[in-house]
Amino acid sequence: MTQPKTAVIRSDLDIVIARTMARDAAKALGFGAIDQARIATAVSELARNIFLYAGTGNVSVKEIERSGRKGIEIVCEDQGPGIANVDLVMQDGYSTSRGMGMGLPGAKRLMDEFNIRSQEGVGTTITCRKWRG
Amino acid sequence: MDSLRIPILKIGDILIASIQVALHDASAVQFKDDLLQKIHDTRAKGVIVDLTALDVVDSFIGRLIADIAAMAGLMGTRVVLTGLQPAVAITLVELGLELPRVLTALNLEKGLSMMQRLTEESGDDAA
Ligand SMILES: Nc1ncnc2c1ncn2[C@@H]1O[C@H](COP(=O)(O)OP(=O)(O)OP(=O)(O)O)[C@@H](O)[C@H]1O
Ligand SMILES: [Mg+2]
């Protein structure tokens with residue numbers, strides 16, 4: 001059904017493109033309005049982090065299926081500075097940029113599954129999923 | 001990005017801005033600056049920001065809205081948000097942003113009457 005799609009993040013305009021891509025994919029996969037907003041908002045947070053902290057990276061979305069259940073998987077990857085302490089950045093309010101420190105913990109709350117793999121000097125890959133209710 | 005500048009209308013003592021396009025970060029910041037400047041220039045008593053067309057409000061836009069409300073408040077101007085879609089409101093709370101100090105109304109019409117009440121009250125206080 002829906003093809004996997006990727007958006008390259010290079011500017012703040014690409015953040016809008018990535019979240020629109022994710023919303024369209026979620027809609028095509030049959031997610032309701034609230035889940036579409038959750039998914040688009042999570043992607044907006046993660047794409048902005050790529051832009052702010054890594055400069056460039058990719059956001060891709062694809063359809064997934066597990067024991068007959070359909071969902072969406074979002075992978076955000078960059079070759080930026082990486083994250084030294086993943087537990088720390090997942091805390092509400094932790095920010096190195098005078099942000100609200102809400103992006104990562106908030107995106108996690110909006111999705112069903114959320115995983116960060118990061119290595120300092122190598123980059124960060126965040127994989128998150130949402131299952132259709 | 002001048003092409004994305006959001007028009008701000010003045011009706012009596014009230015400013016009205018309706019956001020009709022997906023806001024990228026630079027245009028959102030431009031909007032905040034334009035709005036605060038216009039509040040300053042016009043001494044508006046109230047500002048209504050209509051968000052009916054916004055389908056995503058992330059932490060960036062959310063904070064910007066909170067900043068607008070706080071800064072306008074310092075200038076003695078009330079801010080009412082209108083037309084926040086239910087899905088957007090739910091997502092904002094789940095994200096962790098509740099905008100506690102921001103007044104909201106269902107739509108522009110209700111927002112206008114809310115604003116009229118608010119600005120009349122503050123007019124009475126001053127008298
Ligand atoms: N892709 C990334 N590469 C490197 N560091 C990152 C990345 N994403 C997040 N971080 C680090 O994690 C911290 C927390 O991120 P989070 O998105 O939660 O908050 P924020 O971006 O600081 O503020 P907000 O998102 O609320 O505006 C960031 O301040 C940054 O130090
Ligand atoms: Mg962030």
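## The second largest pocket

Let's start with the runner-up: the second largest pocket has a volume of about 250 Å³. Keep in mind that this is a predicted model. The lining of this pocket is made up of 14 residues, and those closest to its centre are B:Ala69, B:Ala70, B:Gly73, B:Arg101 and B:Val102.

Which elements give two or more residues to this lining? They are helix 2 and strand 4 (78-82) of chain B. Helix 2 of chain B gives the most, with five residues. Sorted by class, the lining of the second largest pocket holds nine nonpolar, three polar and two charged residues.

## The largest pocket

Now for the top of the list: the largest pocket comes in at a volume of about 750 Å³. It's lined by 36 residues, and if you want to find its centre in the structure, look for the closest ones: A:Asn49, A:Tyr53, A:Thr96, A:Ser97 and A:Leu104.

## Who builds the largest pocket?

Several elements each supply at least two residues of the lining of the largest pocket. From chain A, these are helix 2 (33-54), strand 3 (69-78), helix 3 (86-89), helix 4 (103-110) and strand 5 (123-131). Chain B joins in too, through its helix 2 (59-74).

Which element provides the largest share of this lining? That's helix 2 of chain A, with nine residues.

As for the mix of residue classes, the lining of the largest pocket divides into 19 nonpolar, twelve polar and five charged residues.

Conventions:
Residues are numbered from 1 along each chain as its sequence is written. Chains are lettered from A and ligands numbered from 1 in the order in which they are written. This is a predicted model: local features need pLDDT of at least 70, side-chain atom pairs count only at pLDDT 80 or more; totals for chains, interfaces and linings use all residues. Side-chain values use heavy atoms; hydrogens and water are left out. On a 1 Å grid over the protein atoms alone, a cavity is a set of points where a 1.4 Å probe fits but cannot get out, and a pocket is an open set with protein on both sides within 12 Å along at least five of seven lines; lining residues have an atom within 4 Å of a point. Grid points are joined across faces, edges and corners, and a volume is the space filled by probe spheres set on the points. Helices (H or I, at least four residues) and strands (E, at least two) are DSSP runs, numbered from the N terminus. Ala, Val, Leu, Ile, Met, Phe, Trp, Tyr, Cys and Pro count as nonpolar, Asp, Glu, Lys and Arg as charged, and the others, Gly among them, as polar.
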